[in-house]
Amino acid sequence: PGPGAAAAPGAAEQAAAAAALLYDMKGCYSRLRALVPTLPRHRRVSKVEILQHVIDYIWDLQLVLQPGPAGEPPEAPCMAAADSILCR
C-alpha cells in the first residue's frame, strides 16, 4: 500500500466529521429560527439574516432587562461605518 492508501481512512473520517458538523449546524439554525420571534416565517432567510435577527433579539432583551441610569437604555454597540448593517 502506497501513501495514498494510508491517507484514505483519515480523509474518510474527516469527511464524516465534516458532514456531522454540517448536520449539527443545520439543526442549530433551525433551532434559532424557532426561538427568535422576529424572523420572517413566510419566506426563506439566509444564515446571515438569521444571525442578524438573533443579535437584534438579544439586544432587545438586554434593553428590557438592563436599563441604564435614570431608566435610560444603554447605548447600542455598533460596528465601524463599513459594517453599518450590523448597527441598530
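In this predicted model, the residue I50 touches Y29, L32, R33, L39 and V45 when residues up to four places away in sequence are not counted. I50 itself lies in helix α2, and one of its partners, R33, stands 17 residues from I50 in sequence, while the C-alpha atoms of the two residues are 7.0 Å apart in space. The relative accessible area of I50 is 4%, and I50 therefore counts as buried, since that term applies to values under 20%.

The surroundings of I50 can be described further through the nonpolar core. The largest nonpolar core has 6 residues, and I50 is one of them, together with Y29, V36, L39, V45 and V54. Among the contacts of I50 listed above are Y29, L39 and V45, and each of these three residues also appears in the largest nonpolar core.

A second feature in which I50 takes part is the largest pocket, which holds about 160 Å³ of space. The lining of this pocket is made up of K26, Y29, S30, R33, R44, V45, S46, K47 and I50. The elements that contribute two or more residues to this lining are α1, which spans residues 3–35, and α2, which spans residues 47–65. The largest share, 4 residues, is supplied by α1. When the lining residues are sorted by character, 4 are charged, 3 are nonpolar and 2 are polar. Y29, V45 and I50 are thus found in the list of lining residues, and Y29, V45 and I50 are likewise listed in the largest nonpolar core.

At the level of the whole protein chain, the secondary structure consists of 2 helices and 0 strands. The chain has 88 residues, of which 12% count as buried, and I50, with its relative accessible area of 4%, belongs to the buried residues. The area exposed by the protein chain comes to about 7,000 Å², and 66% of this area is supplied by carbon and sulfur atoms. Finally, among the contacts in the protein chain with a separation of 6 or more, 11% are accounted for by residues that are 24 or more positions apart.

How values were computed. Residues numbered from 1 in each chain as written. Predicted model: local features only at pLDDT ≥ 70, side-chain atom pairs only at ≥ 80, totals over all residues. Heavy atoms only, no water. Core = buried A, V, L, I, M, F, W, Y, C linked by side-chain atoms within 4.5 Å. Buried < 20%, exposed > 50% of the residue type's maximum accessible area, 1.4 Å probe, protein only. 1 Å grid on protein atoms, 1.4 Å probe; cavity = no way out; pocket = protein on both sides within 12 Å on 5 of 7 lines; lining within 4 Å. Points joined across faces, edges and corners; volume = space filled by probe spheres on them. Nonpolar A, V, L, I, M, F, W, Y, C, P; charged D, E, K, R; others polar. Contact = heavy atoms within 4.5 Å. Areas by Shrake-Rupley, 256 points an atom, 1.4 Å probe, with all protein chains shown as cover.
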